[in-house]
Amino acid sequence: MGIVAGLDSSPDFTRIVVCDADTGAVLRQGYAPHPLETAEGGGRPSDVDPQAWLLSLGEAAGGGLLEGVQAIGVSAQANALVPLDGQGNTVRPALVGADKRAQVAAADLIDRLGSREAWAEAVGCVPQAAQPVTKLRWLARSEPENARHVAFLMQAHDWLVWQLLGRPARRTTDRGGASGTGYWSAATGSWRPDLVELALGQRAALPEVLGPGDAAGTTPEGLIISAGTGETMAAAFGLGVSPGDAVVSLGASGSVMAVHHEALVDSSGSITSLADATGMHLPVVHTLNAVRTLRGTAEMLGLDGGLDELSELAMKSTPGAHGLVLLPYLEGEKTPNLPHTAGTLSGLRRESMKPEHLARAAFEGMLCGLADALDVLRGRGVEVRRVFLLGAAAELHAVQAVAPMLFGTQVVVPQPADYAAIGAARQAAWAMSGQLPMWQGAATQVFEAGEELPVGQAVRQQFRAVREQIHPGAFAQP
């Protein structure tokens, strides 16, 4: 059928994969970092000139990488707000990432609409510092002169698609990216311009929302550009997840998302109701503590070998860690909603005061916290038959041994690959052919709970008992 490309513009770099449109086989790849300055005090900047994304894209595509390509799909970082004036120029640098400057603005938006419940009903999520709607409110409060010049709102993948097409009059997005803005409802499939006005203080134009297999346009050279989508949705599409699948991402913080047939309204704010890249929905539950729990424990134990050594040490212990339980709420917690709490180590006895038991308790505590997040989705009727584990920590022996018994389901660990870029390429193939391409799913290792399932249930009960003792009523018992 031809050759397609998918590009993923992440917070730090652009990665491009060129794929066979029939099979999804990766033919060649390109990579380039974004030319960004480090933020004051270290870390990523909160303000980024979008031109950096284009420069990175051009470098990644060098050397004839896109020769013969017939269609391109674009995936990009979530939550990047690109405010444009009436001429299509950026009013200010794009606001990206989990911008802590917007935390007060999030609380202000909740008050202005009336309640967390009102936001959940309106758009399927409660305002958080990272979301574009909250960044709009910050802009109106902190930079009113810039705010007055805002005429059009885009996200990173919208802006890149628009640039690739030569900045046409028609500007587009997709339902996946739109669902993360805080001013589009996944339940109704429509924009809420009144919420833009609530945040910004004035109306602003919004892109046309395309269907999953639609093309955003064609370049003068005849290159098809698909709708594009957010990085999360593209990765799910690249993995090939479907109803019954959940994806657990192990970063410093954690996230649990699953494919579902409808949008979920959650007045508590635990569930963020996103749309996916295929016409389905991706309810997401976040935890603030995942791999940071393991890294903190490794540092506490003075392990020079880092997480690999911690994993080997944990496997010398037994399920339940001799009664040692770590509630891993080191940075506060989002699920359950305990923003100002700290972690707790419980069950210290003479026989449990050994490094291997603390190591085991760290893995069990992290994974029990993520199992709690899974149960939030299960409690709303989301079917979970298998769990995809993503992130470098998914390769650790202790994670692979413990996760199936605690999650109570089959666990698969995909082979490392650029799934967001692959998902973008798959979307490009869809736009080119008019049919959803049935590419082979990711190569995986599969782990079953088997006879260990009752043991895992006992470990989770031990964790629940401590959690309820320390934080009674934090949320209903699963």
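A surface patch here joins residues that have over 30% relative accessible area and no salt bridge, with like charges linked within 9 Å and nonpolar side chains within 5 Å. The model on screen is predicted, and the tour below moves from two such patches to the strands.

**Stop 1: a negative patch.** Select Asp304, Asp308, Glu309 and Glu312. Together these residues form a negative patch on the surface. Now pick Glu309 alone and show the secondary structure around this residue: Glu309 sits in helix α11, which covers residues 306-314. With a relative accessible area of 33%, Glu309 is partly exposed. That value is over 30%, so Glu309 meets the accessibility condition for a patch.

**Stop 2: a nonpolar patch.** Next, select Leu345, Leu348 and Met353. This trio makes up a nonpolar surface patch, and its members have about 290 Å² of accessible area together. Leu345 belongs to strand β21, residues 344-346. Its relative accessibility is 33%, which places Leu345 in the partly exposed class.

**Stop 3: strand β17.** Move to residues 254-258. Is this strand buried or exposed? Five of the five residues of β17 are buried, so the strand is largely enclosed by the rest of the structure. Show the side chains to see which way each residue points. Gly254, Val256 and Ala258 point one way, while Ser255 and Met257 point the other way; all are buried. In a regular strand, side chains alternate between the two faces of the sheet.

**Stop 4: the partners of β17.** Add residues 244-250, which are strand β16. β16 and β17 run antiparallel and are joined by five bridges. For one of the paired positions, select Ser249 and Ser255, which are bridge partners. The two strands make a hairpin, with three residues between them.

Then add residues 281-287, strand β19. Which sense does its pairing with β17 have, and over how many bridges? The pairing is antiparallel and extends over four bridges. To locate the contact, select Met257 of β17 together with Val284 of β19, which stand opposite each other.

**Stop 5: a second hairpin.** Finally, select residues 215-218 (strand β13) and residues 224-226 (strand β14). Three bridges link these strands in the antiparallel sense. Ala215 can be picked with Ser226 of β14, the residue it stands opposite. β13 and β14 form a hairpin with five residues between them. End on the turn at Gly222, where phi is positive, at about 90°.

Note on methods. Residues numbered from 1 in each chain as written. Predicted model: local features only at pLDDT ≥ 70, side-chain atom pairs only at ≥ 80, totals over all residues. Heavy atoms only, no water. Areas by Shrake-Rupley, 256 points an atom, 1.4 Å probe, with all protein chains shown as cover. Salt bridge = Lys/Arg side-chain N within 4 Å of Asp/Glu carboxyl O. Lys, Arg positive; Asp, Glu negative; His and termini not counted. Charge placed at Lys NZ, Arg CZ, Asp CG, Glu CD. Buried < 20%, exposed > 50% of the residue type's maximum accessible area, 1.4 Å probe, protein only. Pairing = 2+ DSSP bridges.
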